[in-house]
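Here is a short, friendly tour of the fold you have open. Have the viewer handy and follow along.

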Amino acid sequence: MTYIYHYKSPVGDMTAFSNGLALTALHFNGQKYASRMIKGDYEEKMLPVFEQTKQWLDLYFDKKIPDFMPQIFLTGSQFQLEVWDILAKIPYGQTITYGDIAKQIARQRKIECMSPQAAGQAVGHNPAAILIPCHRVVGTGGKLTGYAGGIDKKKALLAIEQEGLAAV
């Protein structure tokens, strides 16, 4: 059974998904690839993981740095999981490039190079928006490119983080 919870963020409505224990996805309504999240029956129900997710998002949108993370269970290819692990480690208010991610994956796999486009595809399929901060990935030279939720949301999220850092 899939459980869902709707969250109204200042930058757009979101839907959270759970297997009953952990968060399995969080996305902006209407974002690319979101339709793949619901498979079979689902129920709208407030679960402890949704309460934690709401608390985390409330802090985040209040320009505070949450000091906890709801339990997340991600499913994807080995490559996607490696990329999402890198995303999870990008510090609040900082950005990296798709090329940086590709270089990290190449180093981890002990290979000469990795395609930034392949890294970009995995970033774009990140199932846990904001919590796994794919909005912190930019193109070469800091160019704001690609965000499944929309570039307007990416800009807004980066601005929230810069304001949060300025307040610290």
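## Sheet, helix and core

Strand 1 (residues 2-9) and strand 2 (residues 12-18) run antiparallel to each other and are joined over 7 bridges. Please keep in mind that this is a predicted model. In this pair, Ser9 sits opposite Gly12 of strand 2.

**The sheet**

- Strands 1 and 2 belong to an open sheet of 4 strands, ordered 3-2-1-4, with mixed pairing.
- At the edges you will find strand 3 (23-28) and strand 4 (42-44), each of which pairs on one side only.
- On average, neighbouring strands here are turned by 25° against each other, direction ignored.

**The helix on the sheet**

- Helix 1 (residues 48-61) packs on the sheet, where it touches strand 1, strand 2 and strand 3.
- The direction of helix 1 makes about 20° with that of strand 1.

**The nonpolar core**

- The largest nonpolar core holds 43 residues, and the members that touch the most others are Phe61, Val83, Leu87, Ile101, Ile130 and Leu157.
- At least two core residues come from each of strand 1, strand 2, strand 3, helix 1, helix 2 (78-88), helix 3 (98-109), helix 4 (116-124) and helix 5 (151-167).
- Helix 1 is the element that gives the most to this core, with 6 residues.

**A closer look at Leu87**

- Which residues is Leu87 in contact with, leaving aside its neighbours within four places in sequence?
- They are Ile101, Val123, Asn126, Ile132, Pro133, Cys134 and Val137.
- Of these contacts of Leu87, Ile101 is also listed with Leu87 among the core residues that touch the most other members.

Technical notes
Residues numbered from 1 in each chain as written. Predicted model: local features only at pLDDT ≥ 70, side-chain atom pairs only at ≥ 80, totals over all residues. Heavy atoms only, no water. Pairing = 2+ DSSP bridges. Axes fitted to C-alpha atoms, helices over the stretch in contact; angles between N-to-C directions. Contact = heavy atoms within 4.5 Å. Core = buried A, V, L, I, M, F, W, Y, C linked by side-chain atoms within 4.5 Å. Buried < 20%, exposed > 50% of the residue type's maximum accessible area, 1.4 Å probe, protein only.
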